[in-house]
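Biologist: Could you take me through this protein chain slowly, one question at a time?

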Amino acid sequence: MPLRASSCVLPLNERSHLRVPGSSGYSQRRVQLRGQERPITANRQTSWAFADAFVAEDEALRRARDRARESGVPSVSPGTGAALRLLAASTDAKAVAEIGTGTGVSGIYLLLGMRPDGVLTTVDPEPERQQFAKQAFREAGFAGNRARFIPGRALDVLPRLADGGYDLVFCDGDRLEYLDYLAESLRLLRPGGLVCFEGVFARGRTVDAAAQPAEVLRLRELLRTVRESPELLPSLLPVGDGLLCAVRRG
């Protein structure tokens, strides 16, 4: 499964230039942006915020969010959750793998989009978080056999999962390991399956030309690799903190 990195242009607006990120940061090469891009105005930011909060959440999701806040565990935004639900439904997903269980917020959204007989396999190194998620799934009305909880480090667990056995893989774990998750996901996904990565904007640092930590540099490398891979059809969705999605070609 060849994966290669190349320069990645991340647009800001049509009147400016953007320095292109290299493998260890931003190079000095400057590229004219495409004419189709528009300035990010206050109105556009307001529209994005409106879109991200467009889907109302029920009591089960609100309780799962409350547990996340109390535990200091990040959770996907309502817009990201709605996108995951839509993607799961669009692929008629029966088998989904999730890296990073959290307190069950993203898992509820995925289960809502999956087939009624679908099973979510969710991996997290913290068993306590998975107990929170089990409670959240029960409160959301899902039967116990709809989710399989595997405690452990993702890169130890993923090699044990079946080749080509999944319709969607959602990655919300260690950002430093995202490229490794990508390689595993290509093995796990059936042709036409989807892989999604949460948090690729890194709170705006991904397109910030200032010196950045290793986590951000790895996210830039992930973006380049996904965009240039001949095995993938990618899209970057501006929901939450950025949701990178790609379909595995048949």
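Modeller: The questions below go from the whole chain to its helices, two loop residues and a pocket, and the model is a predicted one.

Biologist: How many helices and strands are there in the protein chain?
Modeller: The model is predicted, and its protein chain has 250 residues, of which 47% are buried. Counted along this chain, the secondary structure comes to 8 helices and 9 strands.

Biologist: Among contacts between residues at least 6 apart in sequence, what share joins residues at least 24 apart?
Modeller: One such pair to look at is A60 and I108, which lie 48 residues apart along the chain, with C-alpha atoms separated by 8.7 Å, and these two residues are in contact. Taking the contacts in the protein chain between residues at least 6 apart, the share that joins residues at least 24 apart is 64%.

Biologist: Is A60 buried or exposed?
Modeller: A60 sits in helix α2, which covers residues 59-71. Leaving aside neighbours within four places in sequence, A60 is in contact with I108, E139 and A140. Its relative accessible area is 4%, and because buried means under 20%, A60 counts as buried.

Biologist: What distance separates the end C-alpha atoms of α3, and what span should its residues give?
Modeller: Helix α3 has 13 residues, and at 1.5 Å a residue they should span 18 Å. The distance between the end C-alpha atoms agrees with this expectation, so both values are 18 Å.

Biologist: Which elements are included in what covers the buried residues of α3?
Modeller: The buried residues of α3 are G79, T80, G81, A82, A83, L84, L87 and A88. The elements that cover these residues include the helices α1 (42-52) and α4, together with the strands β6 (166-171), β7, β8 (232-237) and β9 (243-248).

Biologist: Which residues of α8 are buried?
Modeller: Helix α8 runs over residues 214-228, and its 15 residues reach 21 Å from the first C-alpha to the last, close to the 21 Å expected. An α-helix has 3.6 residues a turn, so residues three or four places apart point the same way. In α8 the buried residues are V216, L217, L219, R220, L222, L223, R224, T225 and V226.

Biologist: What is the phi of D92, and is this residue buried or partly exposed?
Modeller: D92 lies in the loop between α3 (78-90) and β3 (95-99), and its place is just after α3. The relative accessible area of D92 is 46%, so this residue is partly exposed. Although D92 is not a glycine, its phi is positive, at about 50°.

Biologist: Is R203 buried or exposed?
Modeller: R203 is in the loop between β7 (189-198) and α8, and it has a positive phi of about 55° although it is not a glycine. Its relative accessibility is 76%, and since exposed means over 50%, R203 counts as exposed.

Biologist: What is the volume of the second largest pocket?
Modeller: Rolling a probe the size of a water molecule over the atoms shows where empty space is left. The second largest pocket is lined by 35 residues, of which P74, D172, G173, R175 and E198 lie nearest its centre. The elements that give two or more residues to this lining are α4 (105-113) and β4 (119-124), and the lining has 10 nonpolar, 13 polar and 12 charged residues. The volume of the second largest pocket is about 740 Å³.

Technical notes: Residues are numbered from 1 along each chain as its sequence is written. This is a predicted model: local features need pLDDT of at least 70, side-chain atom pairs count only at pLDDT 80 or more; totals for chains, interfaces and linings use all residues. Side-chain values use heavy atoms; hydrogens and water are left out. Helices (H or I, at least four residues) and strands (E, at least two) are DSSP runs, numbered from the N terminus. The expected span of a helix is 1.5 Å times one less than its number of residues. Buried means under 20% relative accessible area, exposed over 50%, partly exposed in between (1.4 Å probe, protein chains only). On a 1 Å grid over the protein atoms alone, a cavity is a set of points where a 1.4 Å probe fits but cannot get out, and a pocket is an open set with protein on both sides within 12 Å along at least five of seven lines; lining residues have an atom within 4 Å of a point. Grid points are joined across faces, edges and corners, and a volume is the space filled by probe spheres set on the points. Ala, Val, Leu, Ile, Met, Phe, Trp, Tyr, Cys and Pro count as nonpolar, Asp, Glu, Lys and Arg as charged, and the others, Gly among them, as polar. Contact means heavy atoms within 4.5 Å.
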